[in-house]
Amino acid sequence: MLRASSAPHRLFRSLAAKHGTLTHLQLGEIHLLIVSSTEFAKQVMKTHDTVFANRPVMLAPKELTYDATGVVFSPYGDYWRHLRKICTVEVLSARRVRSFRSIRVEEVTIMCKWIASRQGSTVNLTERLYMSSCEINGYEIPTNTRVIVNAWAMARDPEYWNDPEKFMPERFEESSVDFKGSNLEYIPFGAGRRMCPGMLLGLTNMELPLAMLLYHFDWEIPNGMKAEELDMTEDLGFVLNRKQPLRLIPIAKRPLRARA
Ligand code: HEM
């Protein structure tokens, strides 16, 4: 298990294939419940949402976030509810996200100008674009069990997806599945009470740069490599990253106009 710790999402998926999509692990005194199917994720994130909305007390967040007093790591309760309200109503509301539009456009234009100045040479895109106890299915889940919902595995479940490992964005064109937490087979922003409150800001900050990069440039893979040959190895950090940076060659397609 320790050897597989750089890809726990893969390890947990293979454990699920062998032992079932609700797996209990005991690591010393810590109970860990790994949920790898939409059916059980629904129990955790919808049916028993309040029970699982808590966060474990962990050393790193305590040290790094002023005794876990931020919204991400604070325990479920009145204090978290208060912070969450400030986040959704004041900091991350649609009105607030819209109000930063001009800054967003300015920043993305600066990035595109930089890319245009590197036309024909290879640019590193990954660097540049960072932009209480309860019962489930007859099993008694002890208090303080830590739950990991393997959203990565669920988004690749052949029961829900055709050709699940294939990058095929067009699969969403005719589909009613969205990413806002109601379809548990696809939950990049989580689901339930602790779902990401920054979804709108995150999406807005992704959509504009992506649209401008595709509108103004064509992109070529260096060294005559084919798309299938790109190294897609994953690297686990706070989120799942590419191990090798994405290096592509920008070819200017439509000129960037100066904005007022
Ligand atoms: C594409 C970008 C983003 C993705 C994919 C993402 C994804 C997530 C996920 C999966 C969670 C955990 C949800 C759960 O436990 O069910 C989360 C929580 C959270 N996210 Fe995001 N997020 C993004 C952008 C942002 C941004 C831009 C902000 C704010 C500036 C933000 C603030 C938060 C906060 C505060 C929480 C904790 C909420 C709580 O515990 O109540 N996120 N995010």
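The legends below describe close-up views of a predicted model.

**View 1. The whole protein, shown for orientation.** The protein in this predicted model has 260 residues, of which 32% count as buried. Its secondary structure comprises 9 helices and 10 strands, and its C-alpha atoms fill a box of roughly 60 × 45 × 40 Å when taken along the principal axes.

**View 2. The iron atom of the ligand and its donor from the protein, Cys196.** The iron atom has a single donor from the protein, the SG atom of Cys196, at 2.3 Å. Cys196 is placed in the loop between α8 (residues 151-154) and α9 (residues 199-216). Cys196 is also listed with Arg55, Trp80, Arg84 and Arg194 as the residues that come nearest to the ligand, out of the 18 around it.

**View 3. Polar side-chain atoms beside oxygen atoms of the ligand, with Arg55, Trp80 and Arg84.** The side chain of Trp80 has an N or O atom 2.8 Å from an oxygen atom of the ligand, while a polar side-chain atom of Arg84 lies 2.9 Å from a ligand oxygen. For Arg55, the corresponding separation between a side-chain N or O atom and an oxygen atom of the ligand is 3.2 Å. The elements that give two or more residues to the shell around the ligand are α4 (residues 78-91) and α9. By residue class, this shell divides into 12 nonpolar, 3 polar and 3 charged residues.

**View 4. Asp78 in helix α4 and its contact with Arg81.** Asp78 lies in helix α4, and its side chain makes a polar contact of 2.9 Å with the side chain of Arg81. With a relative accessible area of 61%, which is over the 50% cut-off, Asp78 is classed as exposed. The C-alpha atoms of Asp78 and Arg55 are 14 Å apart in space, and the two residues are separated by 23 residues in sequence; Arg55, for its part, is one of the residues that come nearest to the ligand.

**View 5. The largest nonpolar core and the surroundings of Met45.** In soluble globular proteins, nonpolar side chains tend to be buried together. The largest nonpolar core of this model has 15 residues, and those with the most contacts inside it are Val35, Met45, Ile136 and Leu184. Two or more residues of this core are given by each of β2 (residues 30-35), α2 (residues 38-47) and β4 (residues 134-136), and α2 gives the most, with 4 residues. When neighbours within four places in sequence are left aside, Met45 is in contact with Val149, Leu184, Ile187, Gly190, Ala191 and Gly192. Another core, of 9 residues, lies apart from the largest one, and among its members are Val108, Met212, Leu213 and Phe217.

**View 6. His216 in helix α9 and the residues that it touches.** His216 is placed in helix α9 and is buried, because its relative accessible area of 8% is under the 20% cut-off. The side chain of His216 reaches the backbone oxygen of Arg254 at 2.9 Å. Not counting residues up to four places away in sequence, His216 touches Ile251, Ala252, Lys253, Arg254, Pro255 and Leu256.

**View 7. Two loop residues with positive phi, Ala68 and Asn144.** Ala68, a residue other than glycine, has a positive phi near 55°, and it is found in the loop between α3 (residues 59-64) and α4. Asn144, likewise not a glycine, has a positive phi near 65°, and its place is in the loop between β5 (residues 139-141) and β6 (residues 146-149). Ala68 counts as buried at 14% relative accessibility, whereas Asn144 is exposed, with a relative accessible area of 67%.

**View 8. Ser99 in helix α5 and its separation from Phe73.** Ser99 is found in helix α5, which spans residues 94-99. With a relative accessible area of 46%, Ser99 is partly exposed. Between Ser99 and Phe73 there is a separation of 26 residues in sequence, and their C-alpha atoms are 28 Å apart in space.

Methods. Residues numbered from 1 in each chain as written. Predicted model: local features only at pLDDT ≥ 70, side-chain atom pairs only at ≥ 80, totals over all residues. Heavy atoms only, no water. Donors = N, O, S within 2.8 Å, 3.2 Å for Na, K, Ca; no water. Core = buried A, V, L, I, M, F, W, Y, C linked by side-chain atoms within 4.5 Å. Buried < 20%, exposed > 50% of the residue type's maximum accessible area, 1.4 Å probe, protein only. Contact = heavy atoms within 4.5 Å. Near = heavy atom within 4 Å. Polar contact = N/O pair within 3.5 Å; in protein donor to acceptor, adjacent residues only side chain to side chain. Nonpolar A, V, L, I, M, F, W, Y, C, P; charged D, E, K, R; others polar.
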